[in-house]
Amino acid sequence: MNVTFQSIDEMDLAGVAIACGVFASAALSNELQALDLRSGGAVARVLASGRFRGEVGEVLELPGIAGIDAATLILVGCGCESRLQTSTIEQATACALRAAEIAGARALVLVLAPTQPDLAAHSAFAARLAAYRFEKYRTVHQAGSTPVHTIRIAVNDPTAAARAYDPLTSLGDGILMARDLVSEPPNVLFPEAFAQRMRALEDVGVEVEILGEQQMRELSMNALLGVGQGSARESQLVVLKWFGAERRDDQPVALVGKGVCFDTGGLNLKPLKDMRWMKEDMAGAAAVAGAFRALAGRKARANVIGILGLVENMPDGKAQRPGDVVTSLSGQTIEVVDPDCEGRLVLADALSFCLRNFAPKIVIDIATLTDAVVVALGDGYAGMFSNDDALAERVLSASAAATESVWRMPLSEYYVPGLRSGVADLKNWAGEPMDAIHAALFLQRFVGDTSWVHLDISGVAWRKDSRLSLVPEGASGFGVRLLDRLMADLYPPSVHAN
């Protein structure tokens with residue numbers, strides 16, 4: 001897709017779809033007034049009829065209006081003018097793009113906030129996200145929509161808009177990278193393949209180190225290795241390093257991602273209805289990878305460490321059994337009650353490795369960890385757990401700014417007895433109703449006093465519908481925008497990317 005910024009006076013509107021923003025007051029913008037004049041008042045008559053109220057997300061297509069060169073005029077609701085913000089413009093852009101695709105347009109002109117370069121930049125960013133499709137393996141174009149190839153965004157100062165858009169390109173690169181990783185089929189993106197793809201981050205200045213099973217065995221990372229021992233694919237640990245602070249030895253922030261490239265449930269085999277989605281069980285690792293792409297792309301002035309624990313959980317004669325006891329890297333022993341609660345085992349060793357080698361001041365782990373968080377929050381929010389109230393508030397603030405919603409969940413000692421094992425220091429499963437809380441409490445045992453946040457993204461990593469306009473059905477890339485915004489907030493000198 002080709003996205004450009006232009007003055008509307010320089011645009012050729014012949015044969016294109018043109019989308020114009022309308023506020024809830026139904027007052028016509030200067031641009032829409034000009035189009036209305038050409039149409040002999042047709043636009044004003046439509047608005048006067050009450051068919052279109054200008055509410056956020058509302059769309060009305062007016063094809064073939066006499067006097068207007070454009071093939072289709074699309075009215076897009078922008079809500080209350082006094083409350084206009086980036087999220088509104090992004091949603092309006094995505095809705096306009098959907099309408100243009102359905103109309104079969106190949107080119108779209110967006111006239112949403114021509115006087116505000118920053119909002120025009122976010123319109124371009126939203127168009128890129130909303131247009132995403134993972135079609136790498138298609139040999140025939142999918143019926144039902146025509147991709148829009150060219151988008152021109154009307155703005156009075158195209159140079160200022162392009163300048164504002166520049167940092168958003170890196171963020172978009174990171175989100176689309178994460179979506180691509182999650183979308184790949186599991187026979188293509190297994191642990192070693194995922195690890196090797198991380199080498200591409202070296203092109204933007206990220207240092208990449210990969211540990212294989214032998215190295216992890218020497219470190220006694222038995223919790224992680226136990227998950228992958230039933231797979232023919234070798235488990236991997238990827239270490240990403242971005243040193244953007246003035247001093248390389250400044251204490252870093254760490255991002256730790258669960259990367260179960262396919263989760264059958266191991267010997268606790270999942271039913272087909274659940275297993276068919278399990279290629280996305282590495283969405284946490286994908287989010288960390290995408291965040292590094294965004295951070296490095298905008299040259300974030302921070303030191304950041306990324307740890308990706310990459311495994312496959314497969315049923316085999318060598319697979320982990322219910323009742324097995326493993327000794328983790330931390331030295332704590334774990335009774336494996338449920339081989340399908342494997343993500344917390346992977347993260348336990350990944351977190352311990354991170355703390356032992358990098359002594360971060362903040363650790364954030366992100367994982368598709370439990371079905372219980374989906375029961376609690378559905379597909380609208382990620383669950384957040386933290387041992388640091390101040391850090392939790394910063395994550396909530398970044399979440400609101402990044403439009404990736406999280407909801408803080410309890411992390412109470414009341415639930416700790418559920419982790420007690422009769423044969424080991426703790427067990428990896430305590431029962432369904434409170435599994436999201438128990439999983440977070442389990443992970444807390446491996447971070448000690450370090451400021452820490454756990455994000456359970458099970459409900460938001462993969463969208464089974466397209467209700468969220470910026471996220472087409474499929475991989476969402478959730479977490480990239482949130483993590484990037486959080487890092488920008490923690491390190492204000494860096495350029496805010498959203």
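Which residue just after α11 takes a positive phi? In this predicted model, the residue is Ala359, with a phi of about 40°. A comparable entry exists for α10, where Lys299, just after the helix, takes a positive phi of about 55°. The two helices are taken up again below, after the sheets.

The six-stranded sheet is open, with the strand order β1-β6-β5-β2-β4-β3 and mixed pairing. The edge positions are held by β1 (2–6) and β3 (59–63); each has a single partner strand, so one side of each is left without a neighbour in the sheet. On average, neighbouring strands of this sheet are turned by 20° against each other, direction ignored. At the β1 edge, five bridges join β1 to strand β6 (residues 150–154), and the two strands run parallel. Within this pair, Gln6 has Ala154 of β6 as its bridge partner.

Strand β2 (residues 17–22) has bridges to two strands of the sheet, β4 and β5. With β4 (residues 72–77) it runs parallel, joined by six bridges, and the partner of Ala19 in β4 is Ile74. With β5 (residues 107–111) β2 also runs parallel, joined by four bridges; here Ile18 is bridged to Val109 of β5. Six of the six residues of β2 are buried. The burial applies to both faces of the strand, with Ala17, Ala19 and Gly21 on one side and Ile18, Cys20 and Val22 on the other. Helix α3 (residues 86–103) lies across β2, β3, β4, β5 and β6, and its direction is at about 150° to that of β4.

The eight-stranded sheet is likewise open and of mixed pairing, in the order β7-β8-β10-β9-β13-β17-β14-β15. Its edges are β7 (207–211) and β15 (406–408), each with a single partner strand, so one side of each is left without a neighbour in the sheet. Neighbouring strands are turned by 20° against each other on average, direction ignored. At the β15 edge, strand β14 (residues 382–386) pairs with β15 in the parallel sense over three bridges, and Gly383 has Trp407 in β15 as its bridge partner. Helix α10 packs on this sheet through contacts with β8 (236–243), β9 (253–263), β10 (303–313) and β13 (362–367), and its direction makes about 135° with that of β9.

Helix α10 comprises 15 residues (283–297), for which a rise of 1.5 Å a residue predicts a span of 21 Å; the end C-alpha atoms are 21 Å apart, which agrees. Of the 15 residues, 14 are buried, so α10 is largely enclosed by the rest of the structure. Besides the sheet contacts, α10 has a helix partner in α5 (residues 158–183).

Two packed helices are described by the angle between their axes and the distance between the axes. For α5 and α10, the axes come within 7 Å and cross at roughly 155°. This angle is over 145 degrees, and the two helices are therefore roughly antiparallel to each other. Their crossing is right-handed. On the α5 side the contact involves Ser170, Leu171, Asp173, Gly174, Met177, Ala178, Leu181 and Val182; these meet Ala283, Ala286, Ala287, Ala289, Gly290, Arg293, Ala294 and Gly297 in α10. An α-helix has 3.6 residues a turn, so residues three or four places apart point the same way.

Helix α11 (residues 343–358) has 16 residues and reaches 22 Å from its first C-alpha to its last, close to the 22 Å expected at 1.5 Å a residue. It is mostly covered, with 13 of its 16 residues buried. The axis of α11 comes within 10 Å of that of helix α14 (residues 435–444), and the two cross at roughly 25°. With the angle under 35 degrees, α11 is roughly parallel to α14. The crossing of α11 and α14 is right-handed. The residues in contact are Arg344, Leu345, Leu347, Ala348 and Leu351 in α11, which meet Asp435, Ala439, Phe442 and Leu443 in α14.

Note on methods
Residues are numbered from 1 along each chain as its sequence is written. This is a predicted model: local features need pLDDT of at least 70, side-chain atom pairs count only at pLDDT 80 or more; totals for chains, interfaces and linings use all residues. Side-chain values use heavy atoms; hydrogens and water are left out. The expected span of a helix is 1.5 Å times one less than its number of residues. Buried means under 20% relative accessible area, exposed over 50%, partly exposed in between (1.4 Å probe, protein chains only). Two strands pair if DSSP finds at least two bridges between them. Axes are lines fitted to C-alpha atoms, for helices over the stretch in contact, and angles run from 0 to 180 degrees between N-to-C directions. Contact means heavy atoms within 4.5 Å. Angles under 35 degrees count as roughly parallel, over 145 as roughly antiparallel, 65 to 115 as roughly perpendicular and the rest as oblique. A crossing is left-handed if the near helix is turned anticlockwise from the far one by less than a right angle, and right-handed if clockwise.
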